[in-house]
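The following exercises concern the packing, burial and backbone geometry of a predicted model. Each task is followed by a solution that proceeds step by step.

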Amino acid sequence: MMNEHGKSDNPIVPTKSANKTGSTVAESMEGRGLTKGNVVQQNTPRTQSWNKDVPNALDRVREIAKQDKVVKFTALLHHVTIERLREAFYGIKKDASAGVDGMTWRQYEQDLESHLEVLHSKLNRGAYRAKPSRRTYIPKGDGRKRPLGIAALEDKIVQRAVAEVLNAIYEADFLGFSYGFRPGRRPHEALDALVAAIQFKKVNFVLDADIRSYFDSMDHKWMEDFIGHRIADKRILRLVSKWLKAGVIEEGQWKASEEGSPQGASISPLLSNVYLHYVLDLWAHQWRKRYAQGDVIIVRWADDFVVGFQYQRDAKHFLSELHERFKKFSLMLHPEKTRLIRFGRFAKRDCGRIEGRSKPETIDFLGFTHYCSVNRNGKFQLRRKSIGKRFAAKLCAIKEELRVRMHQPVKEQGKWLRSVVLGYYAYHAIPGNWERIGEFRTQIARMWYRTLRRRSQKATITWEHMDKLVKRWLPPARILHPWPDERFLVTHPR
């Protein structure tokens, strides 16, 4: 705990590793075993990346971070080398939108080495200045718009390079139930952990939580205090401060950034994880050890997290204290998206007997609706299907794109639709979701058929011809992922 001046009244930074094998069984459900070896970053030229004997300059930093959980790192900027800046540049999408500087990836590449040398020199001399982000908006699933901040190209490069250095430290600190925006961790690992935890642990109640406008609400003072727990290199701290306070350009007007971190900035995912590591993760981990009377499981992906409880009194106590905890750090749970519901192996029996409901409520997490069901033997099983609203929104977006591509050759349309279908399968083709992925392919075929018929009033296309096109270009629906509990037990045998 910190007081209002950022001093520690009750330190929440553990002196022992949060990822040691002596952790509880509940923690193993949340994926602690995946932390080891996540960050394998190379600090040597790209041409030498194949050589396993070449040492990584961050290995020593990583080892110290693992061994000493309270040590502060005083010299880190020298790890931001020209080579690391070059790697960061090539990690940026080539077709990404330009920031306020108007510099595109391809323009910068034309004289890359000269640009990087100047940029590296500015960093070492303290002459680097962060530029404001360019504000833009993208639609959200609920009809609102999500604000994004598009950083200038050199800001993206430096942020990615610094984030790689800081990840070497924070990957040793982050807890196992934190999955989002971490090297080597994928959404399906969080999904597997959630299913395994609910099926293997005694979970009867679930807190489905969402933080309201999280990226816009982080307090800069608290953020700098949290970073200061581990980082004492003043040059790195100044860089973070510059990025937080750079502001945004919207409709030609500069606006100061008094709080939050722009979504879209390369450093924002790491900063958001650091903030919630101290505000939520460490606190929740200690709370369940000190106060919980029954099992408590946690799975978090960025600002979306699910907490499962064995007892309702634990759930209500946790939720009440969580509101107070968040209020202290300028955060708030979304009132409409945060729910405490009856969920688990006995939910169907109890919701009818106690709540008068015909079936238990569901949970939406990482693109899937989770619901209580049973297997062929009548035993409890947590099942998942693609969220209906997002499924419909995806089809609408494809329909609009098909209109744009209406007069392209059929072969080009087929290649594009094939990539769309394969991309959807790669994430959504999980056991129990067969109906959704089959319907996705069917709807794509129908939209393509209507698009081809509209290309000309003279030419017509029959379903027989269309069937041949569908078989040639649209891969058949099939399940690509194993059952989540089976995969989880393979990746976490202990």
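**Exercise 1.** Determine the handedness with which helix 15 passes helix 17, and describe the contact between these helices.

*Solution.* Step 1: helix 15 passes helix 17 in a right-handed crossing.
Step 2: helix 15 covers residues 410–428 and helix 17 covers residues 463–473; their axes lie 9 Å apart and the packing angle is about 50 degrees.
Step 3: an oblique pair is one that falls outside the ranges under 35 degrees, over 145 degrees and 65 to 115 degrees. Helix 15 and helix 17 are therefore oblique to each other.
Step 4: on the side of helix 15, the contact is formed by Val 410, Lys 411, Gly 414, Lys 415 and Arg 418, which meet Leu 469, Arg 472 and Trp 473 of helix 17. By class, the residues of this contact comprise three nonpolar, one polar and four charged.

**Exercise 2.** Establish the environment of Gln 413 in helix 15: is this residue buried or exposed, and which residues does Gln 413 touch?

*Solution.* Step 1: Gln 413 is located in helix 15.
Step 2: the relative accessibility of Gln 413 is 1%, so the residue counts as buried, the cut-off being under 20%.
Step 3: leaving aside residues up to four places away in sequence, Gln 413 touches Arg 405, Met 406, His 407 and Gln 408, together with Trp 448, Leu 452 and Arg 455.

**Exercise 3.** Characterise the packing of helix 9 against helix 10, giving the angle and the approach of the axes.

*Solution.* Step 1: two packed helices are described by the angle between their axes and the distance between the axes.
Step 2: the axes of helix 9 (residues 220–228) and helix 10 (residues 234–245) cross at roughly 160 degrees and come within 11 Å. Because angles over 145 degrees count as roughly antiparallel, helix 9 is roughly antiparallel to helix 10.
Step 3: the crossing in which helix 9 passes helix 10 is right-handed.
Step 4: from helix 9, His 220, Met 223, Glu 224 and Ile 227 meet Leu 237, Ser 241, Leu 244 and Lys 245 of helix 10. The contact of helix 9 with helix 10 is made up of four nonpolar, two polar and two charged residues.

**Exercise 4.** Compare the expected span of helix 7 with the separation of its end C-alpha atoms, and state how many of its residues are buried.

*Solution.* Step 1: helix 7 runs over residues 187–200, and its 14 residues should span 20 Å at 1.5 Å a residue.
Step 2: the end C-alpha atoms of helix 7 are 20 Å apart, in agreement with that expectation.
Step 3: helix 7 is mostly covered, with twelve of its 14 residues buried. Among them are the charged residues Glu 189 and Asp 192, as well as His 188 and Gln 199.

**Exercise 5.** Where does Ser 386 lie, and which residues does Ser 386 touch? Carry out the corresponding analysis for Gly 432.

*Solution.* Step 1: Ser 386 belongs to strand 11 (residues 380–386). A relative accessible area of 1% makes Ser 386 buried.
Step 2: Ser 386 and Trp 434 are 48 residues apart along the chain, and their C-alpha atoms are separated by 9.8 Å.
Step 3: with residues up to four places away in sequence not counted, Ser 386 touches Gly 367, Phe 368, Tyr 424, His 428, Asn 433 and Arg 436.
Step 4: Gly 432 is placed in the loop between helix 15 and helix 16 (434–454). Its relative accessible area of 32% makes Gly 432 partly exposed.
Step 5: the C-alpha atoms of Gly 432 and Lys 385 are separated by 6.7 Å, although the two residues are 47 residues apart along the chain. Under the exclusion of residues up to four places away in sequence, Gly 432 touches Arg 383 and Arg 384.

**Exercise 6.** What is the value of phi for Ser 213 and for Ser 330?

*Solution.* Step 1: Ser 213 is not a glycine, yet its phi is positive, at about 45 degrees. Ser 213 is found in the loop between strand 3 (205–210) and helix 8 (214–217), and its relative accessible area of 45% makes Ser 213 partly exposed.
Step 2: Ser 330, likewise a residue other than glycine, has a positive phi near 65 degrees. Ser 330 lies in the loop between helix 12 (312–328) and strand 8 (339–342); with a relative accessible area of 35%, Ser 330 is partly exposed.

Key. Residues numbered from 1 in each chain as written. Predicted model: local features only at pLDDT ≥ 70, side-chain atom pairs only at ≥ 80, totals over all residues. Heavy atoms only, no water. Axes fitted to C-alpha atoms, helices over the stretch in contact; angles between N-to-C directions. Helix = DSSP H or I, 4+ residues; strand = E, 2+ residues; numbered from the N terminus. Left-handed = near helix turned anticlockwise from the far one by under 90°. Contact = heavy atoms within 4.5 Å. Expected span 1.5 Å × (residues − 1). Buried < 20%, exposed > 50% of the residue type's maximum accessible area, 1.4 Å probe, protein only.
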